[in-house]
Each structure stands twice: as C-alpha cells, then as structure tokens.
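Please find below my notes on the model, set out as numbered points. They begin with a term and then go from single residues to the chain as a whole.

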Amino acid sequence: MRIYYRGYVIEEEIRSISYSVYGQHPERSELTSRSTSREAMEWIDSNVKRDAILKATRTLQTAAH
C-alpha cells in the first residue's frame with residue numbers, strides 16, 4: 001500500500017510493522033523508516049515544518065544584507 005502525504009510517499013513494507021518514507025519528486029529517495037503509518041506522517045510533518053523554518057531563516061538573512 002502506498003500513501004501520498006504532503007508530496008511524500010509512505011510505502012508499507014510489512015503491514016503494521018514497517019513503513020518507509022520516500023522524498024518528493026524527482027528523486028524519491030528513501031528518507032527514513034517508521035513502525036506505523038502515523039509515525040511516518042508525523043515525521044513528514046516535522047520535516048516539512050523544519051524546511052519551512054530553514055527557508056524563512058534564509059529569506060530573513062538575505063533581506064538583512
């Protein structure tokens with residue numbers, strides 16, 4: 001089973017035991033593995049939030065110069 005979530009793909013490796021998270025297009029490389037689909041979604045949420053913070057920080061640094 002595949003779950004598409006926020007541009008990422010969560011693939012069920014072994015039902016209710018192992019879920020792999022693959023990154024966004026075009027690469028789709030494996031980023032992490034989690035025990036449940038919920039844990040995989042939470043990992044993606046934190047990764048999306050971290051990326052947004054990093055992007056905002058870079059924008060602020062560029063604007064300051």
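1. A residue is called buried at under 20% relative accessible area and exposed at over 50%, and anything in between is partly exposed. Arg-6, at 49% relative accessibility, therefore counts as partly exposed. The model is a predicted one, and the points below should be read with that in mind.

2. Arg-6 sits in the loop that links β1 (2–5) to β2. Its phi is near 55°, a positive value in a residue that is not glycine. Arg-6 also appears among the contacts of Gln-24 and among those of Ile-44, both counted without neighbours within four places in sequence.

3. Which other residue has a positive phi near 55° without being glycine? That residue is Arg-28, found in the loop between β3 and β4. With a relative accessibility of 22%, Arg-28 is classed as partly exposed, because the buried class is reserved for values under 20%.

4. The loop between β3 and β4 (30–34) also holds Pro-26. The peptide bond leading from His-25 into Pro-26 is cis, and its omega is near 5°. I would list this bond together with the phi of Arg-28 when describing the backbone of the loop.

5. Gln-24 is a further member of the loop between β3 and β4. Its relative accessible area is 42%, so Gln-24 is partly exposed. Beyond its neighbours within four places in sequence, Gln-24 has contacts with Arg-6, Gly-7 and Tyr-8. Between the C-alpha atoms of Gln-24 and Asn-47 the separation is 12 Å, with the two positions 23 residues apart along the chain.

6. Turning to the fold, the protein chain has four strands and one helix, in the sequence order β-β-β-β-α. Why is the chain described as more spread out than a compact globule? Its radius of gyration is 14 Å, well over the 11 Å that the globule rule gives for 65 residues, so the description follows. Along the principal axes, the C-alpha atoms fill a box of roughly 50 × 20 × 15 Å.

7. The largest nonpolar core consists of eight residues: Ile-3, Tyr-8, Ile-10, Tyr-19, Val-21, Ala-40, Trp-43 and Ile-44. Two or more core residues come from each of β2 (8–14), β3 (18–22) and α1 (37–64). The largest share is that of α1, which gives three residues.

8. Ile-44, a member of this core, deserves its own entry. Apart from neighbours within four places in sequence, Ile-44 is in contact with Tyr-5, Arg-6, Tyr-8, Ile-10 and Val-21. Of these partners, Tyr-8, Ile-10 and Val-21 are listed in the core as well.

9. How much of the chain is buried? Of its 65 residues, 25% fall in that class. Among contacts with a separation of 6 or more, 21% join residues 24 or more positions apart.

10. The surface and charges complete the account. The exposed area of the protein chain is about 4900 Å², and carbon and sulfur atoms supply 53% of that area. There are 10 positive and 9 negative side chains, and 7 Å separates the centres of the two sets.

Notes
Residues are numbered from 1 along each chain as its sequence is written. This is a predicted model: local features need pLDDT of at least 70, side-chain atom pairs count only at pLDDT 80 or more; totals for chains, interfaces and linings use all residues. Side-chain values use heavy atoms; hydrogens and water are left out. The radius of gyration is taken over C-alpha atoms; the globule rule is 2.2 Å times the number of residues to the power 0.38. Buried means under 20% relative accessible area, exposed over 50%, partly exposed in between (1.4 Å probe, protein chains only). Contact means heavy atoms within 4.5 Å. Accessible areas come from the Shrake-Rupley method with a 1.4 Å probe; for residues, only the protein chains shown count as cover. Lys and Arg count as positive and Asp and Glu as negative; His and the chain ends are not counted. The place of a charge is taken as NZ of Lys, CZ of Arg, CG of Asp or CD of Glu. A nonpolar core is a set of buried Ala, Val, Leu, Ile, Met, Phe, Trp, Tyr and Cys residues joined through side-chain atoms within 4.5 Å.
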